[in-house]
Amino acid sequence: MKTSASVLTKLTLGLAIAGSIAACNQNKTADKPAAAATTATPEKETIVYVNSDSLLNKYDYFKDLSKRLEDKGKSSQADLQSRGQAFQREVAEYQKNAATLPADQRQATEQRLARKQQELQGYSQNAGAEFQNEQAAENAKLYDKIADFVKIYAKEKGYKLVLTYSKANPTVLYGDPALDVTLDVAKRLNEAYAKDKK
C-alpha cells in the first residue's frame, strides 16, 4: 500500500529525529576519572533501534487506523460506483429512446447528461482528494504519536539514539538483535493506546 511506504518513511525520519532530540536533552553526568571507568561495570547500550515494519504490524492503533481508512475507502468506492452505474443506466435509457425524441428534447437531454457526467467526475475527484487529505492527516497523527512516545521512552531508558529499521527504507542494514527494542516499544504503545480508548 502506497500509504504504508509514506508512513514508514515518516516514521523512520521521526524516530531518528526523536532519538536525536532525546539525546540532546539528556543530563550530562560528571566526568569520572579514567581509573573509575575501567573498574565500573560495562554501560548499557545507548543506541537502539526499532523495526518499524514489525512495530506497525503490532501497534493496535495502526491496525485500527488502517481498518478505519480501508472501510472508508471501500464505502467511498461503493458510493462512486453506485453513482456511476446510475449515470450509465440514464445514458443507456437515453440512447434507447433517442431516435424517437424530437431534436430539441434530444439536445436538452444530451446537455443535461454532459453536465451530470462533469458533476460525477468532479465528485469523484473531490472524494479522492478528501480521502487523501484524511489519510495524510491520520498518518501525521500516527507519526506524532510514535515519535512523542519514543522521545519519552528513550529518555526513560537512557538511550542516546533510537534508530529505525525498515525493509522499505533500509537506512540501517544490520543491527544486533540485542539492540532491537521493537517488542517493548510496541507493548508499551499498545498499553498507552488501550488507556486512551477507555
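Guide: Two strands pair if DSSP finds at least two bridges between them. Helices (H or I, at least four residues) and strands (E, at least two) are DSSP runs numbered from the N terminus. The model is predicted, so local features need pLDDT of at least 70 and side-chain atom pairs pLDDT 80 or more, while totals for chains, interfaces and linings use all residues. Residues count from 1 along each chain as its sequence is written, and side-chain values use heavy atoms, without hydrogens or water.

Visitor: What pattern does the chain follow along the sequence?
Guide: Start with the parts. The secondary structure comes to 6 helices and 2 strands. Read along the sequence, they give α-α-β-α-α-α-β-α.

Visitor: How many bridges join E1 to E2?
Guide: E1 covers residues 47-51, and E2 covers residues 161-165. The two strands run parallel. In this pairing, Val50 stands opposite Thr164 of E2. The number of bridges joining E1 to E2 is 5.

Visitor: Which residues of strand E2 form its covered face?
Guide: E2 has two faces. Leu161, Leu163 and Tyr165 make up the uncovered one. The covered face has Val162 and Thr164.

Visitor: Is Thr182 buried or exposed?
Guide: Thr182 is found in helix H6. Beyond its neighbours within four places in sequence, it is in contact (heavy atoms within 4.5 Å) with Tyr49, Val50, Asn51, Ser54 and Leu55. Buried means under 20% relative accessible area, exposed over 50%, partly exposed in between, with a 1.4 Å probe and protein chains only. Thr182 has 2%, so it is buried.

Visitor: Does Gln132 count as buried or exposed?
Guide: Gln132 lies in helix H5. Its C-alpha atom is 9.9 Å from that of Gly73, 59 residues away along the chain. Its relative accessibility is 54%, so Gln132 counts as exposed.

Visitor: What share of the chain counts as buried?
Guide: The chain has 198 residues. The share of them that counts as buried is 28%.

Visitor: Which element gives the most to the largest nonpolar core?
Guide: Such a core is a set of buried Ala, Val, Leu, Ile, Met, Phe, Trp, Tyr and Cys residues joined through side-chain atoms within 4.5 Å. This one has 22 residues, and Tyr59, Leu142, Ile146 and Val185 have the most contacts inside it. Strand E1, helix H3 (52-58), H4, H5 (103-157) and H6 each give two or more residues. With 6 residues, the element that gives the most is H5.

Visitor: How many residues are in the other core?
Guide: This core lies apart from the largest one. Among its residues are Val91, Tyr94, Leu101 and Leu113. Its residue count is 6.

Visitor: How do H4 and H5 lie to each other, roughly parallel or roughly antiparallel?
Guide: Axes are lines fitted to C-alpha atoms, for helices over the stretch in contact, with angles from 0 to 180 degrees between N-to-C directions. Under 35 degrees counts as roughly parallel, over 145 as roughly antiparallel, 65 to 115 as roughly perpendicular and the rest as oblique. The axes of H4 and H5 come within 11 Å and cross at roughly 175°. H4 and H5 are therefore roughly antiparallel.

Visitor: Which residues of H6 make the contact with H4?
Guide: H4 (residues 60-97) and H6 (residues 182-197) pack at about 60°, with axes 8 Å apart. That makes H4 oblique to H6. H4 brings Asp60, Tyr61 and Asp64 to the contact. From H6 come Asn190, Tyr193 and Lys197.
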